[in-house]
Amino acid sequence: MASIIDSEVFLAFSTYATIVVLKMMLMAPLTAYFRITRKTFANLEDIWPGTIPEEKKKMLRTHDDVERVRRCHQNDLENIVPFVLIGLLYVLTGPDLSSALLHFRLFVGSRFIHTLAYVMALPQPSRGLSWVVGMVTTFSMAYRILTTILLL
Ligand SMILES: N[C@@H](CCC(=O)N[C@@H](CS)C(=O)NCC(=O)O)C(=O)O
């Protein structure tokens, strides 16, 4: 176990997993930014004190830009959490550094492209393809885990 933690594959995984989890966490401040600039809030108490009650009520609404970032955040959760869990088990199978780096870089790159495509509403299939690349990468790591340490 100590040798795995010291291995370059584990260090690379820790680096890429941290980068992509931080990217996912930044979706929350980005949502807050869109809420404030679009004057769109989920709760009355989130609106600045001093705003007249009729105005406050109008700001309790949904806005396309806010919903778009929220969907992007949700999609990150659906894909990045499995990557971190499967990636950790994948590291334990002792893959080659080059093949591990290929998986980690493809996944992290695909999630950044997915975010840009979603938030900037780029035409499809940009978002769809980036999502597929991320999914295939995670499935490929899962395949290696199951073919290396399968115990039913
Ligand atoms: N939960 C996803 C499952 C399928 C998926 O993740 N599709 C990708 C590529 S089209 C996506 O970006 N979906 C948009 C989303 O999750 O809001 C959905 O409802 O769309």
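## The largest nonpolar core

In this predicted model, the largest nonpolar core holds 18 residues, and those that touch the most other members are Phe13, Val20, Phe83, Tyr90, Phe104 and Phe107. Helix H2 (8–25), H5, H6 and H7 each contribute at least two residues to this core, with the largest share, 7 residues, coming from H2. As a general tendency, nonpolar side chains in soluble globular proteins are buried together.

Phe107 illustrates how one member of this core is surrounded: leaving aside residues up to four places away in sequence, Phe107 touches Val20, Asn79, Ile80, Phe83, Gly134, Thr137 and Thr138.

## A separate core

Apart from the largest core lies another one, made up of 6 residues, including Met27, Phe34, Val66 and Cys72.

## The shell around the ligand

The ligand is surrounded by Arg71, Asn75, Glu78, His114, Tyr118, Gln124, Arg127, Gly128 and Trp131, a shell to which helix H5 (64–92), helix H6 (97–119) and helix H7 (126–148) each supply at least two residues. By residue class, the shell divides into 2 nonpolar, 4 polar and 3 charged residues.

## Polar contacts and burial of the ligand

Three side chains of the shell place a polar atom beside an oxygen atom of the ligand: for Asn75 the distance is 2.8 Å, for His114 it is also 2.8 Å, and for Trp131 it is 3.0 Å. Taken alone, the ligand exposes 440 Å², of which the protein buries 60%.

Note on methods:
Residues numbered from 1 in each chain as written. Predicted model: local features only at pLDDT ≥ 70, side-chain atom pairs only at ≥ 80, totals over all residues. Heavy atoms only, no water. Near = heavy atom within 4 Å. Polar contact = N/O pair within 3.5 Å; in protein donor to acceptor, adjacent residues only side chain to side chain. Areas by Shrake-Rupley, 256 points an atom, 1.4 Å probe, with all protein chains shown as cover. Helix = DSSP H or I, 4+ residues; strand = E, 2+ residues; numbered from the N terminus. Nonpolar A, V, L, I, M, F, W, Y, C, P; charged D, E, K, R; others polar. Core = buried A, V, L, I, M, F, W, Y, C linked by side-chain atoms within 4.5 Å. Buried < 20%, exposed > 50% of the residue type's maximum accessible area, 1.4 Å probe, protein only. Contact = heavy atoms within 4.5 Å.
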